[in-house]
Amino acid sequence: MTVLLIAGSPSTPSRSTALLESVGERLARRHGPALRIDRLVIRDLPAQALLQAEWSHPAIERAIARVAEARVVVVATPVYKAAYSGVLKVFLDLLGQNALKGKTVLPLATGGSPHHMLALDYALRPVLQSLSARHILPGVYATDAQITLTPEGAYQVHADLGERLNEAVDVLATEGLKLPATTGFEPVHFSRVRCSV
Ligand SMILES: Cc1cc2nc3c(=O)[nH]c(=O)nc-3n(C[C@H](O)[C@H](O)[C@H](O)COP(=O)(O)O)c2cc1C
């Protein structure tokens with residue numbers, strides 16, 4: 001089974017990527033070689049192909065194929081202007097409407113302050129839902145103060161945040177990695193959508 005870690009920050013080093021890697025390390029420790037952990041760093045994709053939506057660019061095709069191969073997707077973003085990063089958005093815009101069909105998704109975000117912690121729920125979650133994700137787990141939000149630089153120049157996740165990541169990985173293990181491989185709900189055409197009010 002493959003878990004794809006998607007890093008959505010345009011920066012390096014990156015706190016949100018450090019958060020993502022922390023989840024990856026925990027998954028690797030818990031599941032060992034039974035779990036294949038793949039990584040997609042969006043900032044490493046060709047910028048012009050991303051911005052001009054060149055679906056047929058080989059690097060973009062490969063990135064989309066890696067999403068298709070994964071059973072579980074962990075996606076990390078910095079909060080930018082009270083939402084997720086533009087870099088992440090341009091990549092998600094390249095995915096087909098059913099790109100996350102049947103998949104479990106764990107969203108992660110970092111922000112300068114706690115004020116925008118709900119960005120995961122009001123901004124990113126609807127986009128993941130629109131891509132037909134089967135199961136979107138409760139996200140993990142961290143402030144910059146909880147992920148600090150070591151003297152060696154690496155980002156380190158603080159202990160209390162580490163506890164929350166452990167819980168998220170537990171939930172992923174019980175609710176995500178053990179889900180039977182189904183394709184989820186069929187999409188409903190817009191013309192058939194009815195409101196109850
Ligand atoms: C352009 C820009 C916009 C930002 N907007 C917000 C914001 O609206 N709310 C917030 O809490 N932090 C904001 N921040 C701070 C980043 O979310 C925060 O530093 C984050 O941890 C950076 O993650 P990264 O190191 O993975 O890029 C912003 C930073 C930048 C560069």
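This is a short talk about the fold of one protein chain and a few of its residues.

Hi everyone, thanks for having me. Before we begin, please keep in mind that the model we are looking at is predicted.

Let's start with the whole chain. How many helices and strands does the protein chain have? There are six helices and eight strands. If you walk along from the N terminus, the order is β-α-β-α-α-β-α-β-α-β-β-β-β-α. The chain opens with a strand and ends with a helix.

Now for overall dimensions. The C-alpha atoms fill a box of roughly 55 × 40 × 40 Å along the principal axes. A compact globule of 197 residues would have a radius of gyration near 16 Å, and the protein chain has 17 Å, so the value agrees with that expectation.

What about inside and outside? Of the 197 residues, 44% count as buried. The protein chain exposes about 10,400 Å², and 56% of that comes from carbon and sulfur atoms. As for charges, there are 20 positive and 17 negative ones, and their mean positions are 6 Å apart.

One more number for the whole chain. Take the contacts between residues at least 6 apart in sequence: 79% of these join residues at least 24 apart.

Let's move on to the strands, and to β3 in particular. How many residues of β3 are buried? Seven of its seven residues are, so to put it in words, β3 is mostly covered. You can follow the side chains in the structure: Val72, Val74, Ala76 and Pro78 point one way, while Val73, Val75 and Thr77 point the other way. Residues on both sides are buried.

Which strands does β3 pair with? One partner is β1, in the parallel sense over five bridges. Here alanine 7 stands opposite alanine 76 of β3. Another partner is β4, again parallel, over seven bridges. In that pairing, proline 78 has threonine 110 in β4 as its bridge partner.

From β4 we can step on to β6. Strand β4 covers residues 104-111, and β4 and β6 pair in the parallel sense over four bridges. Alanine 109 has tyrosine 141 in β6 as its bridge partner. Strand β6 runs over residues 140-143, with Val140 and Ala142 pointing one way and Tyr141 and Thr143 the other. Those four residues are all buried.

Just before β6 comes a residue to pause at, glycine 139. You will find glycine 139 in the loop between β5 (135-136) and β6. Is glycine 139 buried or partly exposed? With 33% relative accessibility, glycine 139 counts as partly exposed, because buried means under 20%. Setting aside neighbours within four places in sequence, glycine 139 is in contact with Pro107, Leu120 and Arg125. Glycine 139 and leucine 106 are 33 residues apart in sequence, yet their C-alpha atoms are 6.0 Å apart in space.

Next, some loops with backbone details. Threonine 12 and proline 13 are joined by a cis peptide bond, with omega about -5°. Where does proline 13 sit? Its place is the loop between β1 (2-7) and α1 (15-31).

Then look at the loop between β3 (72-78) and α4 (86-94), where lysine 81 lies. Lysine 81 is not a glycine, but its phi is positive, near 50°. Alanine 82 lies in the loop between β3 and α4 as well. Alanine 82 also has a positive phi, about 65°, although it is not a glycine. How accessible are these two residues? Lysine 81 is exposed, with a relative accessible area of 84%, whereas alanine 82 is partly exposed at 23%.

My last stop is tryptophan 55, in the loop between α2 (47-51) and α3 (58-69). Tryptophan 55 is partly exposed, with a relative accessible area of 49%. Which residues does tryptophan 55 touch, leaving aside neighbours within four places in sequence? They are Ile60, Glu61, Ile64, Asp93 and Leu94. For a sense of distance, tryptophan 55 and leucine 131 are 76 residues apart in sequence and 17 Å apart in space, C-alpha to C-alpha.

That's my tour. Do turn the structure around for yourselves, and thanks for listening!

Conventions: Residues numbered from 1 in each chain as written. Predicted model: local features only at pLDDT ≥ 70, side-chain atom pairs only at ≥ 80, totals over all residues. Heavy atoms only, no water. Helix = DSSP H or I, 4+ residues; strand = E, 2+ residues; numbered from the N terminus. Rg over C-alpha atoms; globule rule 2.2 N^0.38 Å. Buried < 20%, exposed > 50% of the residue type's maximum accessible area, 1.4 Å probe, protein only. Contact = heavy atoms within 4.5 Å. Areas by Shrake-Rupley, 256 points an atom, 1.4 Å probe, with all protein chains shown as cover. Lys, Arg positive; Asp, Glu negative; His and termini not counted. Charge placed at Lys NZ, Arg CZ, Asp CG, Glu CD. Pairing = 2+ DSSP bridges.
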